[in-house]
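Let's take a walk through a protein fold together. Have the viewer open and follow along.

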Amino acid sequence: MRKLRVGVVGCGAVVTLHHLPAFARARHVELVALADRDLAWARTVAQKVGVQECYDDYAKLVGRVDAVLLATPNTSHVAIGSRLLEAGLHVLCEKPMATTCADVDAMFAAAERGGARLMAAQSTRFNANVTMLKQLLAAGWLGQLETITASLGSAYDVAERRTEFRRDAGLAGGGVLMDLGIHLIDTAVWLAGRPSAVHYDAAYAPGWTLETDADVVLEFAAGGRGTFAVSYTHACDPTLTVRGSDGWASASLYVPSQLSVFSERARICRRGGMQRLTLDDRASYERQLDHFAEAILLDRPFVVQPHETRAGIEIVERCYGASAAPEIVDDAEPRSASGAT
């Protein structure tokens with residue numbers, strides 16, 4: 001199988017710390033070019049990873065690559081992504097893929113017009129332990145879903161960042177809920193489907209105009225409840241726990257190879273209690289990149305489906321109280337997603 005030729009648009013911290021190491025290890029991609037408004041910075045990054053082509057205009061990637069990893073500030077995704085998709089380039093777009101449902105629809109419509117494919121880079125799904133948890137739940141080992149709990153966060157100044165766009169509503173489109181909460185919301189939608197009710201609370205640290213702490217409760221249509229917390233002000237326990245009528249499973253969001261499981265339906269658990277599973281220890285970004293490439297090269301569906309991406313942004317819009325946010329009623333895919341999955 002040939003390799004997918006990929007360019008990167010945006011050379012911020014998430015790219016230099018996570019995506020570029022994944023490119024070095026992924027089996028089905030070739031990193032061809034980098035693009036960033038700061039050409040000098042793009043050249044510095046390119047030199048470190050052995051990439052020859054650098055541009056300060058992302059449009060120059062057209063004709064040079066098959067696909068693009070888009071990792072620019074959140075609200076810029078719709079304009080940049082749509083232009084590349086309409087030019088026929090496949091796009092793996094950093095989360096949040098867009099900041100409004102209208103922009104989600106616009107991007108999938110652009111993919112349809114350009115005959116290209118678009119996937120939101122919801123990397124948590126590609127943790128081996130979260131993937132296994134999904135399989136256990138779907139196979140009935142935990143029984144009827146009762147609760148999902150998870151949290152993410154740390155003091156904002158602890159993390160490495162190239163820019164401060166997350167403090168700017170015009171660039172970020174939201175605060176910690178949009179930045180970190182979308183990981184947990186997307187995972188919840190993947191595990192349990194769309195919610196029938198959404199509850200939200202937020203707090204703002206001094207000097208911030210966007211929320212720095214957020215709590216979300218989702219009541220799922222099929223039963224069960226999700227409770228999630230994200231923060232820019234303090235460290236949170238980065239653990240995802242799912243409890244059902246017949247068992248539970250707990251996954252560290254930062255150690256993807258470890259999963260703790262108890263199931264009353266499993267003989268080994270009835271005899272020996274909770275079991276600790278050791279799984280694939282590859283980083284989620286590497287697994288995500290290979291999945292994206294394989295899906296395109298072999299014409300397979302993406303793990304992250306358009307209707308799930310839209311559902312996640314619908315929930316964020318409901319939390320923010322956006323007057324134009326559509327009501328969540330079922331699992332139907334958005335009209336504009338047709339042919340782009």
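To talk about how two helices sit together, we need axes: an axis here is a line fitted to the C-alpha atoms over the stretch in contact, and angles run from 0 to 180 degrees between N-to-C directions. Keep in mind that this is a predicted model.

**A pair of helices**

Two packed helices are described by the angle between their axes and the distance between the axes. Try that on helix α3 (residues 77-86) and helix α4 (residues 101-114): their axes come within 7 Å and cross at roughly 15 degrees. Angles under 35 degrees count as roughly parallel, and α3 and α4 are therefore roughly parallel to each other. The crossing of α3 past α4 is right-handed. On the α3 side, the residues making the contact are His77, Val78, Gly81, Ser82, Leu85 and Glu86. On the α4 side, they include Ala106, Met107, Ala110 and Ala111.

**The parallel sheet**

Now look for the open sheet of 6 strands, which follow the order β3-β2-β1-β4-β5-β6 with parallel pairing. Which strands stand at the edges? They are β3 (53-55) and β6, and each has a single partner strand, so one side of each is left without a neighbour in the sheet. On average, neighbouring strands here are turned by 25 degrees against each other, direction ignored.

Zoom in on one edge: β2 (residues 29-35) runs parallel to β3, and 3 bridges join them. Ala33 has Glu53 in β3 as its bridge partner. Helix α3 turns up again here, since α3 packs on this sheet and touches β1, β4 (67-70), β5 and β6. The direction of α3 makes about 165 degrees with that of β5.

Strand β1 (residues 4-9) holds Leu4. Is Leu4 buried or exposed? Leu4 has a relative accessible area of 0%, so it is buried. Beyond its neighbours within four places in sequence, Leu4 is in contact with residues including His28, Val29, Ala67, Phe292 and Leu297. Leu4 and Gly63 are 59 residues apart in sequence, and their C-alpha atoms are 13 Å apart in space.

**The mixed sheet**

There is also an open sheet of 8 strands, with the order β8-β9-β10-β7-β11-β12-β13-β14 and mixed pairing. The edges belong to β8 (195-203) and β14 (275-278); each has a single partner strand, so one side of each has no neighbour in the sheet. Neighbouring strands of this sheet are turned by 10 degrees against each other on average, direction ignored.

Strands of a sheet pair through backbone hydrogen bonds, either parallel or antiparallel. For an antiparallel example, take β12 (residues 247-252) and β13 (residues 258-263), joined by 5 bridges. Gly247 stands opposite Ser263 in β13. Helix α10 (residues 306-320) packs on the sheet, touching β8 and β9, and its direction makes about 55 degrees with that of β8. Helix α7 (residues 176-192) lies across β7 (145-153), β8, β9 (213-220), β10 (225-231) and β11 (239-244). Relative to β10, α7 runs at about 160 degrees.

**Some residues to click on**

Here are a few residues with their accessibility.

| Residue | Relative accessibility | Class |
|---|---|---|
| Cys93 | 0% | buried |
| Cys269 | 4% | buried |
| Gln122 | 4% | buried |
| Asp299 | 66% | exposed |

How many disulfides does the structure hold? The count is 0. For Cys93, the nearest cysteine sulfur is that of Cys11, and it is 15 Å away.

Gln122 lies in the loop between β6 (118-121) and α5 (128-138). Leaving aside neighbours within four places in sequence, Gln122 is in contact with Lys95, Ile182, His183, Asp186, Gln288 and Val304. One of those contacts, Lys95, leads us to a backbone oddity.

Most residues other than glycine have a negative phi, and most peptide bonds are trans. The peptide bond from Lys95 to Pro96, though, is cis, with omega near -15 degrees. Pro96 is found in the loop between β5 (90-94) and α4. Then there's Asp299, which is not a glycine but has a positive phi near 55 degrees. You'll find Asp299 in the loop between α9 (284-297) and α10.

Note on methods:
Residues numbered from 1 in each chain as written. Predicted model: local features only at pLDDT ≥ 70, side-chain atom pairs only at ≥ 80, totals over all residues. Heavy atoms only, no water. Disulfide = S-S within 2.5 Å. Buried < 20%, exposed > 50% of the residue type's maximum accessible area, 1.4 Å probe, protein only. Pairing = 2+ DSSP bridges. Helix = DSSP H or I, 4+ residues; strand = E, 2+ residues; numbered from the N terminus. Contact = heavy atoms within 4.5 Å. Parallel < 35°, antiparallel > 145°, perpendicular 65-115°, else oblique. Left-handed = near helix turned anticlockwise from the far one by under 90°.
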